[in-house]
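Take a look at the sequence and the model below. Then follow the text through the fold, one part at a time.

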Amino acid sequence: MQGSVVLSLILDKSGRVTDTRILRSSGHPALDELARDAAANWRLSPDSVLPSDLTQGRVELVNFRNPNPPKAILPDAKPYWAQMR
């Protein structure tokens, strides 16, 4: 699976994530939950926390990419739409 999730993160003054919200789903519920779980464990430097991060939140993009996608599931396999011709 591959995809991108856009999250809204609410931080506290120490840089801990206190709340996460999905603004744009990857289309894969498992990836969305992985992104939320990972972000919940992030710790930012307290110096980087803006006043708006405490109330409005900060938008972050989380990308999931497979660096070595399979070329085909089966040797000589054709996509479904190519078989319909």
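This is a predicted model. Begin with charge. Side chains of opposite charge can pair when their charged atoms come close. How many salt bridges does a search of the whole structure find? It finds 1. The partners are aspartate 53 and arginine 58, and their closest N and O atoms are 2.5 Å apart. That counts as a salt bridge because the cut-off is 4 Å.

Are these two partners buried or exposed? Aspartate 53 is buried, with a relative accessible area of 2%. Arginine 58 has 18% relative accessibility and also counts as buried. Both values earn the word because buried means under 20%.

Now turn to the sheet. Strands of a sheet pair through backbone hydrogen bonds, either parallel or antiparallel. Here 3 strands form an open sheet, in the order β2-β1-β3, and the pairing is antiparallel. β2 and β3 are the edge strands, each pairing on one side only. From one strand to the next, the twist averages 35°.

Follow the first pairing. β1 covers residues 3–11 and β2 covers residues 17–24, and 6 bridges link them in the antiparallel sense. Leucine 7 has isoleucine 22 of β2 as its bridge partner. Serine 8 is matched with arginine 21, also in β2. Between the two strands of this hairpin lie 5 residues. Glycine 15 takes a positive phi there, near 95°.

The other pairing joins β1 to β3. These strands run antiparallel and share 7 bridges. Glycine 3 stands opposite phenylalanine 64 of β3. Serine 4 stands opposite asparagine 63 in that strand.

Look closer at β1. How many of its 9 residues are buried? The count is 9 of 9, so β1 is mostly covered, where buried means under 20% relative accessible area. In a regular strand the side chains alternate between the two faces of the sheet. In β1, Gly3, Val5, Leu7, Leu9 and Leu11 point one way. Ser4, Val6, Ser8 and Ile10 point the other way. Both sets are buried.

Next comes the interior. In soluble globular proteins, nonpolar side chains tend to be buried together. The largest nonpolar core in this model has 12 residues. Among them are Val5, Leu7, Leu9, Leu11, Leu31, Ala35, Val62 and Phe64. The elements giving two or more residues to this core are β1, α1 (29–40) and β3 (58–64). Which element gives the most? β1 does, with 4 residues.

Finally, place the helix. α1 lies across β1, β2 and β3, and runs at about 35° to β1. Leucine 31 is one of the core residues. Leaving aside residues up to four places away in sequence, leucine 31 touches Met1, Gln2, Gly3, Val5, Ser26 and Phe64. Val5 and Phe64 belong to the largest nonpolar core too.

Conventions: Residues are numbered from 1 along each chain as its sequence is written. This is a predicted model: local features need pLDDT of at least 70, side-chain atom pairs count only at pLDDT 80 or more; totals for chains, interfaces and linings use all residues. Side-chain values use heavy atoms; hydrogens and water are left out. A salt bridge is a side-chain nitrogen of Lys or Arg within 4 Å of a carboxyl oxygen of Asp or Glu. Buried means under 20% relative accessible area, exposed over 50%, partly exposed in between (1.4 Å probe, protein chains only). Two strands pair if DSSP finds at least two bridges between them. A nonpolar core is a set of buried Ala, Val, Leu, Ile, Met, Phe, Trp, Tyr and Cys residues joined through side-chain atoms within 4.5 Å. Contact means heavy atoms within 4.5 Å. Axes are lines fitted to C-alpha atoms, for helices over the stretch in contact, and angles run from 0 to 180 degrees between N-to-C directions.
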